[in-house]
Number of protein chains: 2
Amino acid sequence: MAVYTDITEGELRHFLQTYELGDLLSYRGIAEGVENSNFIVHLERGEFILTLYEKRVNEEDLPFFIGLMDHLAAKGFACPRPVKRQDGTVIGHLAGRPAAMVTFLEGVWPREPSVVHCAEAGAALAQMHLAVADYEGYRRNALTLPDWRPLFEQVGDKADEVIDGLAEETRAMLDRLEAEWPTDLPSGVIHADAFPDNVFFLGDRFSGLIDFYFACNDLFAYDVAVALNAWCFDADHRFDRQKSAAMLDAYQRVRPLSDDERKALPALCRGAATRFMLTRLYDWIHTPADATVTKKDPRQPLAWMRYHAAASGPGAYGLNA
Amino acid sequence: MAVYTDITEGELRHFLQTYELGDLLSYRGIAEGVENSNFIVHLERGEFILTLYEKRVNEEDLPFFIGLMDHLAAKGFACPRPVKRQDGTVIGHLAGRPAAMVTFLEGVWPREPSVVHCAEAGAALAQMHLAVADYEGYRRNALTLPDWRPLFEQVGDKADEVIDGLAEETRAMLDRLEAEWPTDLPSGVIHADAFPDNVFFLGDRFSGLIDFYFACNDLFAYDVAVALNAWCFDADHRFDRQKSAAMLDAYQRVRPLSDDERKALPALCRGAATRFMLTRLYDWIHTPADATVTKKDPRQPLAWMRYHAAASGPGAYGLNA
């Protein structure tokens with residue numbers, strides 16, 4: 001939940017002068033995104049989302065993110081399209097922060113994803129993975145294997161204050177991941193955060209992918225592993241193999257996984273679960289009690305991690321080995 | 001800043017079945033209103049604001065508030081218009097809370113109100129006061145003179161922990177208000193919370209009044225006093241007589257104040273400032289430190305109160321006596 005920064009009409013009008021979108025009709029802060037401040041802006045020429053990038057987004061990465069959305073939208077992939085300013089650029093400044101406007105995307109993110117939603121999300125992810133083939137931007141994944149142990153060491157034995165025995169369990173998992181992590185799988189630009197709240201639907205049909213602010217270059221199959229974690233566990237942390245099979249099947253109809261990618265799925269799922277467990281654990285320990293940010297519980301991805309720890313092969317996800 | 005309650009698509013679709021507005025296209029929680037949860041909802045037949053009424057709004061009062069908006073909109077006054085359901089009613093239930101939909105109103109509330117804004121707001125308030133003449137609803141003002149002392153006694157000497165000497169200063173002000181409060185002035189339904197964030201503009205022109213959830217029956221001139229407090233002090237708590245003169249002049253072009261109303265203005269302004277000081281003081285002391293609600297500082301209306309304490313007559317507001 002956001003709107004960290006409010007903006008005055010004067011500031012906004014000044015910013016809008018750099019666009020050719022007509023007069024300002026209204027703007028409302030929306031309670032979405034934990035990283036940035038977002039507004040729905042009505043202008044004479046349409047409806048847009050204005051994002052002010054708060055400090056957790058590195059300004060140097062913005063051309064990669066914005067360029068990616070522009071590239072995908074130009075390919076016909078359903079995502080917000082950055083709006084160009086009169087001088088052809090897309091990133092401006094507002095209230096002392098980098099800011100950009102993108103087109104408003106209709107759709108609703110599924111609070112209770114169904115098997116059909118999972119299939120649609122899988123197909124959309126595969127479409128994105130094909131559409132990035134000729135995107136020239138590059139951004140290293142700052143939250144992948146080499147980053148996890150240093151992140152964990154900033155928490156260390158405090159992990160046990162959150163969940164008894166977690167420090168030792170995490171160290172053992174990191175040992176395992178460092179030994180098994182695949183490196184020679186197909187890679188390219190991935191979304192890296194394709195959780196249900198970033199995927200819009202109109203009814204049962206995929207209508208758009210949003211929030212590319214974790215996008216980076218990494219293994220395509222790792223993106224699939226993130227999505228399997230994000231979509232296929234229920235509220236009681238039980239894995240739903242019908243959902244994962246539907247997601248993987250729909251993904252593969254667009255972009256078939258290689259044998260090596262399929263074999264690597266359990267390890268990649270362990271890694272993805274560990275990544276989210278670690279960042280949530282870090283935030284859990286470092287977020288002040290009086291902060292207005294909702295802290296996400298690390299217990300949820302820990303349960304995912306444990307499921308994948310026991311997964312012996314791709315059959316755990318409804319795939320034949 | 002709100003969205004206390006999130007809603008699932010399933011719940012929302014079920015709720016929307018009671019309307020005839022077409023399919024759901026999108027909904028986004030908006031960061032507006034401290035009392036309720038608000039969403040911008042796009043349906044095939046238009047754009048609406050959906051409000052879920054949280055516990056601070058008494059469900060028994062909703063027919064008064066919703067009926068008032070409906071009455072005013074039917075008179076051509078610019079405010080959100082409640083949308084009728086198929087059965088003709090306007091209040092339903094969603095996520096265990098009373099809920100209603102109103103039309104989306106274009107406009108921007110002024111973060112930095114100008115003299116022109118003050119004039120427009122004054123004229124709009126007077127138009128509302130004329131338009132309520134034949135509204136049949138009645139709601140007692142639950143935050144007027146008889147309510148202030150009991151509210152203050154729940155704070156008592158703790159007031160001194162917030163501002164040294166505040167308890168004594170408040171008791172003296174309550175004594176004074178109880179002695180001077182006018183009773184036989186023109187009355188009717190007032191907005192009672194016409195702060196800038198509830199008044200929308202397109203450019204310099206008034207485009208709509210929102211948030212009628214403090215509306216009640218009381219003196220019209222008390223509504224004016226609330227607005228003088230809300231609009232005419234600058235960030236350094238200095239009163240701007242040019243703004244108050246513009247607001248009162250524009251108000252009187254639509255609804256002239258009687259001599260008695262004009263004479264009572266200083267007392268009414270003292271009372272309005274005291275009312276906001278008291279509720280903010282109460283919230284300041286009773287809101288837990290870790291609450292996500294932004295606490296409003298009682299020092300601001302205290303400064304207003306002190307300005308009006310020294311006001312000797314309507315001249316303090318740019319009016320001739």
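What follows is a conversation about reading the interfaces and a few single residues in this predicted model.

Colleague: Let's start with the two chains. How many residues of chain B are in contact with chain A?

Modeller: Keep in mind that we're looking at a predicted model. On the chain B side 35 residues make contact, and they meet 35 residues of chain A.

Colleague: And how do I put a size on that?

Modeller: The size of an interface is often given as the accessible area lost when the parts come together. For chain B and chain A the buried area is about 3000 Å², with carbon and sulfur atoms giving 52% of it. On the chain B side, Arg28(B), Val108(B) and Arg111(B) supply 23% of the area buried against chain A, more than any other three residues there.

Colleague: What about charges? How many salt bridges does the rule find across the interface of chain B and chain A?

Modeller: There are 2 salt bridges across it. In a salt bridge between Asp6(B) and Arg111(A), the N to O distance is 3.3 Å. If you widen the view to polar contacts, chain B and chain A have 16 residue pairs, counted where both residues are at pLDDT 80 or more.

Colleague: Which elements give two or more residues to the side of chain B that touches chain A?

Modeller: One helix and some strands, all in chain B: helix H1 (9–16), strand S1 (24–30), strand S2 (37–43), strand S3 (46–52) and strand S7 (199–202). S1(B) has the largest share, with 7 residues. Sorted by class, that side of chain B holds 18 nonpolar, 7 polar and 10 charged residues.

Colleague: Now inside one chain. Where do the domains of chain A run?

Modeller: Domain 1 of chain A covers 9–103 and domain 2 covers 115–317. Taken over C-alpha atoms, their centres are 27 Å apart.

Colleague: Can I read the boundary between them like the chain interface?

Modeller: You can go through it in the same steps. Domain 1 of chain A puts 18 residues in contact with 23 residues of domain 2. The area buried between these two domains is about 1800 Å², and carbon and sulfur atoms give 71% of that. Three phenylalanines of domain 1, Phe64(A), Phe65(A) and Phe77(A), lose the most area to domain 2, together 33% of what the domain 1 side buries.

Colleague: How many salt bridges are there between domain 1 and domain 2 of chain A?

Modeller: The count is 3. Separately, look at Asp134(A) and Lys75(A): they form a salt bridge with the closest N and O atoms 2.8 Å apart. The two domains also share 8 residue pairs in polar contact, with both residues at pLDDT 80 or more. On the domain 1 side, the residues touching domain 2 are 11 nonpolar, 3 polar and 4 charged.

Colleague: Let's zoom in on Arg139(A). Is its place buried or exposed?

Modeller: Arg139(A) counts as buried because its relative accessibility is 15%, under the 20% cut-off. It's in the loop between helix H3 (115–131) and helix H4 (145–153) of chain A.

Colleague: What does the side chain of Arg139(A) reach at 2.8 Å?

Modeller: The backbone oxygen of Ala215(A). There's also a polar contact of 3.2 Å between the side chains of Arg139(A) and Asp61(A). Leaving aside neighbours within four places in sequence, the contacts of Arg139(A) include Phe64(A), Phe65(A) and Phe214(A). Recall that Phe64(A) and Phe65(A) were among the residues losing the most area to domain 2.

Colleague: I also want to check backbone angles. Which sign does phi have at Ala95(A), positive or negative?

Modeller: Positive, about 55 degrees, although Ala95(A) is not a glycine. This alanine lies in the loop between strand S4 (92–94) and strand S5 (97–103) of chain A. At 22% relative accessibility, Ala95(A) counts as partly exposed. Ala192(A) also has a positive phi, near 75 degrees. Ala192(A) sits in the loop between strand S6 (187–190) and strand S7 (199–202) of chain A, and at 6% relative accessibility Ala192(A) counts as buried.

Colleague: One last residue, in chain B. Where is Phe212(B) found?

Modeller: In the loop between strand S8 (205–209) and strand S9 (216–219) of chain B. Its relative accessibility is 0%, so Phe212(B) counts as buried. Setting aside residues up to four places away in sequence, Phe212(B) touches several residues, including Phe65(B), Leu68(B), Met69(B), Phe77(B), Pro80(B) and His191(B).

Conventions:
Residues are numbered from 1 along each chain as its sequence is written. Chains are lettered from A and ligands numbered from 1 in the order in which they are written. This is a predicted model: local features need pLDDT of at least 70, side-chain atom pairs count only at pLDDT 80 or more; totals for chains, interfaces and linings use all residues. Side-chain values use heavy atoms; hydrogens and water are left out. Contact means heavy atoms within 4.5 Å. Buried area is the accessible area (1.4 Å probe) that two parts lose on being put together, summed over both. A salt bridge is a side-chain nitrogen of Lys or Arg within 4 Å of a carboxyl oxygen of Asp or Glu. A polar contact is a pair of N or O atoms within 3.5 Å; within protein, one must be able to donate a hydrogen and the other to accept it, and residues adjacent in sequence count only if both atoms are side-chain atoms. Helices (H or I, at least four residues) and strands (E, at least two) are DSSP runs, numbered from the N terminus. Ala, Val, Leu, Ile, Met, Phe, Trp, Tyr, Cys and Pro count as nonpolar, Asp, Glu, Lys and Arg as charged, and the others, Gly among them, as polar. Domain bounds come from an automatic or database domain assignment. Buried means under 20% relative accessible area, exposed over 50%, partly exposed in between (1.4 Å probe, protein chains only).
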